[in-house]
Each structure stands twice: as C-alpha cells, then as structure tokens.
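Here are a few exercises to work through with the structure open beside you. Try each task on your own, then read the solution step by step.

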There are 2 protein chains.
Amino acid sequence: MRSRIEDVAAAAGVSMKTVSRVLNNEPNVRDEMRQRVMRAVEKLKYRPNLSARSLAGQRSYVVALVYNNPSRNYLMEIQSGMLDACRDSHYNLVLAPVGSPRQRKTDDLKVVFEHFAPDGVVLIPPLTDDASVLDFLDEHEVPFACIAPKHPQGRIGVMMDETAAVLELMQGLVARGHRRIGHIKGPPAHGACQWRFKGYKDALRQAGIDYDPGLVAQGAFSFESGIEAGNQLLDLPRPPTAIFAANDDMAAGVIRAACQRGLAVPHDVSVCGFDDTPIARHIYPALTTVRQPTSEMGRLATVELLARIRSQGAGDMVRVEHEVLFRESTQPPTRR
Amino acid sequence: MRSRIEDVAAAAGVSMKTVSRVLNNEPNVRDEMRQRVMRAVEKLKYRPNLSARSLAGQRSYVVALVYNNPSRNYLMEIQSGMLDACRDSHYNLVLAPVGSPRQRKTDDLKVVFEHFAPDGVVLIPPLTDDASVLDFLDEHEVPFACIAPKHPQGRIGVMMDETAAVLELMQGLVARGHRRIGHIKGPPAHGACQWRFKGYKDALRQAGIDYDPGLVAQGAFSFESGIEAGNQLLDLPRPPTAIFAANDDMAAGVIRAACQRGLAVPHDVSVCGFDDTPIARHIYPALTTVRQPTSEMGRLATVELLARIRSQGAGDMVRVEHEVLFRESTQPPTRR
DNA sequence: CTGTTAGCGCATTCAT
DNA sequence: ATGAATGCGCTAACAG
C-alpha cells in the first residue's frame, strides 16, 4: 500500500501537521525537523494523495487551457509548454475546448467549472479577447492568464510585440525593393491580428507608401481561406509584388494559389507568413515568417497564473522576443 | 456555495446513500425515489465533488494518454477523440509524455502513477509495442487500451487492417502501370509500420513483381528523414517510378527531394503517404494517402478502456475502416 | 516553533 | 429497498 502522511509523521517522530508544513514549504519549521521529515519521505517513498489534498484544501490543483479553434500546431505547442510548468508545480492540466456547435461558450465553460473547479485558467487567441469569456471569469473571480491579448492592461500572462515584429518583416520586404505589398488579415476576433495589421500600415507609412485598402483581403487563418484571399489579390489589375499573410497556413494557401495560376514564388510574387509552424519549412519554397516562442509562451503564462493563484496581487504580463526569418519565399520584385 | 450530496438528500427527503445510489446508477432504488432525487439534483444544481468522490471511492477518475514522440497531428487527433469519450463519462484526461532525454520511460511513468494514480491508460504507437511500458502496466495491474498495436492478441483497444490498406494502395499503383515501386519504412519500433511493410511486400507478390530490398529505405517519420530516404532511392541507377512512404511527413519530404533534383511529381515519380494529415492537402501536389479515422480511434480506445475499468473482463479490440485516397501525387509512369 | 482536533464531501460497510 | 455510521488522506484553525 501507499504510505500516508501519518506514516511519515510516525517515522520522523513528529506530528502530521509538521509533515504537512514541510511538504508545502510553509514557514515555522526548524531545519532539523525539515531534514528529519524529508528523510522519512524518501524512505517511505511518500507521495501526497491529490484527492485528499484537494478535498481538505478546497483547491483542485487544476489549471484549464480554454480554447476555441486555434490552429492545431499552435494549440499543441501551448499545451506542451503548459504541461512543463504544471509538472514543475504538481499541478494538473485540463483541456477545455468551448463553443461546440449550438452551445454557447459560457455554457461549456460552466460545465468545466462545475466538474473540475480549476484554480485558474489560461486563455489563448481568439478567446483571449472574447468579452463573454472574460466576463464569465471575472464574475466567478477565477484567476486567469492571457496569451497574446489585444489589451494587456491589467491582465497577467504573456505577449510579444506583434506590431514591431510585422514592422521588421515589412522593412525587410521594403529593403528588397517591394512597394506594392498586399496583406491578408486574420479573423477579426483575433486581437493580435489587429496589431499585425497595424504593423503592416505603420511600415507602409514609414516607407512613404500610400496605404491601399484594395491590397488588403480578409482571411480566416485556414489554408483554404489563404487560397481564396490570395486569388483575390492576384486577380487585381496591378497585383502586389509581395503578400504578407497573418499566419503560415494562409501564406501556404497563397503560394498554392500562385502556383495554380502559373506564377512562381518568389520569382513572380514574394510571400510571407507568421508563426513559423512546421508547414513553413515543409512547403516549397520555404516560408519567410516570424517565429514566436509558442511553447515557451504557454509555459510562462502558466507560471504567471500559478503565481497569482498562490497570492492575490502576484503575476505579471511577460514579454517575449520574436525573430524574423527570411527564407526562400521572398526576393526582390521582378521588373515586368 | 456549492450544494452537497447531503443537501440533495435533505431536499428529496431520503438518505445520502440513496442519492449516491441514484447518481451512480446502482440497483435497488424504486423509480419513485429515483425521480425525487433527480428533481432535487436539478433544483439544487448539484454536481458531485470530484476530489471527495475519488478519495472515498479509491479511484482517480483519470485516464492517462501515454506517448513518446508521435507526430504532432496524430497526437492531437487522438487526444481530441479521447477528450470526447472522457467528457461523456465524467472522466479526466491526463497527458503523460514519457522518455524525456536521459530519463527512462518507466521512470517517467512511475512519476505519473504516483501523482495521478490513473484508473487506466491509453497507449499509442510506438509505445503501444514497447515491452518495458507493457510490462510496467501489467505488473501494476493497470487496465490499458492499445491503439494500432503490432500484436492485438489479448489486448483491448482499436486497430485497423494496415496490411490491407497498403495492399489496396499498392494495387492502385500497380493498376496505373507501376512495376518499380520503392518504400520508405517507418521507425522499427513502430509495430504498425511493420504491417505496412508487409502490405508492400504482399502487393508486390500478388502482382508478380520481385521484391527488391534495394528499393526499400529506412525512415524515421520526419520530413527530414523523408528527404534523405527519398534522395537515396532517387539516386539509384534505376530509380523507382513510384515511392510509398509509411507516413505523410516522409512523403512530403520525398516530394521535396524530387523537386530539388528537378524531378516533377507525379510526372517523373509518383509519391504516396499514409495518415491523411493536413500536410497531405497543403503541399503541392496533394498527396495520395490512406485515411484512418484517428480521432475516432482515440475515442473508441477510451470507450473500451472505460468498459474494462468498470468491469474486469470487459472491453474489446475494435476494428475501424480505412480509406485510400488517390490524389494528385500519383499517375501512371512516364516512359523514359 | 510544534501538536491536537475537526472536518472537507463522498462511498462503503453493515444494519434494518 | 433504504438508512446510519465510519473513514478515505489531508489541511486548517486553534491551542500550546
């Protein structure tokens, strides 16, 4: 059988409570006691019982990853980073997809809360900007961390400077001689994409290029929406010489659209994406894109969340660095 | 505050035990009582407390997905299917990556068991054929379900007829006139790949084509390993006119390798993969491949596992159907 | 600094 | 077919 805290207490010759103190890093224990307890723990291979701990402590030791329909790869990376952080703190990760067909997001959320009673939540785009979800969490007074929120003020979590990243990417295109640069926007609900759009416009202004709304198409983050938006831009009387899509999947769709109409990438049109997902390296030509440390962002958001769970005011909005990667899909424009 | 079983009992005018009986579908309750309890549950919005239930019942209501390093997409699909099954049965899914660098798989497993004490485990390839993991689970008498095991005898879980699927795929190639068909094997530890390899050889035999070991290369399931193995086969004095890779990522690598040496797919060489992951439709040309209902397989494996958890002998090895998808990456060989 | 006592909310005996 | 008592393993409030 598994040993219990009582057994450890007996073996160490102390009370249960002292063992509890040591295990939970509480103050008011002499070093000698601490040592004795630790030795007993080792000897008996004691591991606390999660259920008992939760029941008595009125905590679940669960954090939930709440998501809508992000890209599979993005979700996977976030999840993997969160797992690392959870393991380090003996927390458990629960996956909470919400917004199933014909079901309101808050109804799904309610079910998750009734069942798991998570001590905290991590939100990723586009849910990180969803008013109904944010209101629900605020009402229930559940600590939560946001990843890449549109409005970081007063929130904890992790973000990067999306605008600056796009600015840098666009400057690279301009430096290569592009003046007609198209953009494919991400889903309107995705706040970070609005910063990417801002970066696009800022870069044009800095380069003294007039902003032309006709060069901007609406996408939905999917490969298929990239094909469609790509066709729309390439159908223009004077098509762009470069297209910046707000994520890699759409950029891959643009490349497909270009190929299908006999245009070579990057010879006839340069393409770039955002995220540096595996597809960026797997398609031909390899995609110029912006790398963000997605897995690390999942880990950091969880770390901040756990800090806040431990104490009211704790936790920050952490910033991470991006990296612009120029690969095969971009080159100077060809005179035609 | 949240209502407790005691409150429900009081509201329904019955004992706690009767409420417990109703909620757990135990026998020996009159219909009238059952109705009364259900009404009280509705009225009080009662939801059982997971921790209390686990503590008293000596069960964790947790199933673990134990994995090594499968393809991200595959893992995601399995996970998503498992989540569905878990939600339906009020179980919780715990992710258990094992075999971190310098850590033995069983050591990682031990940590997961000490912490979460899962009531059962789902294994996916290649771990589903890993002796050390299987032995560990058998020793600890933990119910587990296998997905796509090499040896299904005496196990529960879900599988498809990999050999038949490849046979069908190969027959399609042969019907299009291919006689020199290469194969890129998956990782040796991946049992299902051995059945795919068998399907490859069986198909050759049926078509009266001599098996040529020189046309078979070893891959590792990654895009990069596909490039390498593809180059190896295309470097042959008499290269194959078609190449069947044991998964889509490697097939994508073969296409890249072909392109880089100026060969057109499918004009100069046909390529096909296995799994029908998103990359199969995102690369150009779209990949001929075998679709397996991955997410459904995750769900079914969990359903069988939960059946076994509930009662000793229950649970089966379920079979699912494949589908061969001929797309752009295959055509009849060109005379050269 | 350390120990004692009393639940946390439920399932599980064993009565009736 | 139903109910009362007991305890799962731990933390929390209080006492020393």
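## Exercises on the strands and the chain pair

Keep in mind as you go that this is a predicted model.

**Exercise 1.** Find out which residues come nearest to DNA strand C, and which part of the strand they meet.

*Solution.* Start with the residues around the strand. There are 25 of them, and Thr18(A), Arg30(A), Ile5(B), Lys17(B) and Tyr46(B) come nearest. Next, look at the strand's own atoms: of those that come within 4 Å of the protein, sugar and phosphate account for 62%. Now sort the residues of this surface by class, and you get 11 nonpolar, 7 polar and 7 charged.

**Exercise 2.** Work out which helices supply the surface near DNA strand C, and pick out some contacts with its phosphate oxygens.

*Solution.* Go through the helices chain by chain. In chain A, helix 2 (16–23) and helix 4 (50–57) each supply at least two residues, and in chain B helix 2 (16–23) and helix 4 (50–57) do so too. Helix 4 of chain B gives the most, with 4 residues.

Then zoom in on chain B:

- Ser20(B) has a polar side-chain atom 3.0 Å from a phosphate oxygen of DNA strand C.
- Asn24(B) has a side-chain N or O atom 3.3 Å from a phosphate oxygen of this strand.
- Asn49(B) uses its backbone instead: an N or O atom there lies 3.1 Å from a phosphate oxygen of the strand.

**Exercise 3.** Now turn to DNA strand D: which residues come nearest, and which atoms of the strand do Asn24(A), Arg53(A) and Ala56(B) approach?

*Solution.* Begin with the 25 residues around the strand, where Ile5(A), Tyr46(A), Thr18(B), Asn28(B) and Arg30(B) come nearest. Sugar and phosphate make up 63% of the strand D atoms that come within 4 Å of the protein.

Take the three named residues one at a time. The side chain of Asn24(A) has an N or O atom 3.3 Å from a phosphate oxygen of DNA strand D. Arg53(A) puts a polar side-chain atom 3.0 Å from a phosphate oxygen of the strand. With Ala56(B), a polar backbone atom is 3.3 Å from a base oxygen of DNA strand D.

Finish with the elements: helix 2 and helix 4 of chain A, together with helix 2 and helix 4 of chain B, give two or more residues to this surface. The largest share, 4 residues, comes from helix 4 of chain A.

**Exercise 4.** Describe how chain A and chain B meet, going from the total area down to single contacts.

*Solution.* First, the area. About 3500 Å² is buried between the two chains, with carbon and sulfur atoms giving 56% of that. On the chain A side, Arg72(A), Met76(A) and His282(A) supply 18% of the area that chain A buries against chain B, more than any other three residues.

Second, the residues: 39 from chain A and 39 from chain B take part in the contact.

Third, the polar links. There are 4 salt bridges between the chains. Glu114(B) forms a salt bridge with Arg47(A), with their closest N and O atoms 3.1 Å apart. Across the interface, 11 residue pairs are in polar contact.

Last, ask where the chain A side comes from. Helix 5 (72–88) is among the elements that each supply at least two residues, and its 9 residues are the largest share. By class, this side of chain A has 20 nonpolar, 10 polar and 9 charged residues.

Methods:
Residues numbered from 1 in each chain as written. Chains lettered and ligands numbered in written order. Predicted model: local features only at pLDDT ≥ 70, side-chain atom pairs only at ≥ 80, totals over all residues. Heavy atoms only, no water. Near = heavy atom within 4 Å. Polar contact = N/O pair within 3.5 Å; in protein donor to acceptor, adjacent residues only side chain to side chain. Nonpolar A, V, L, I, M, F, W, Y, C, P; charged D, E, K, R; others polar. Contact = heavy atoms within 4.5 Å. Buried area = accessible area lost by both parts, 1.4 Å probe. Salt bridge = Lys/Arg side-chain N within 4 Å of Asp/Glu carboxyl O.
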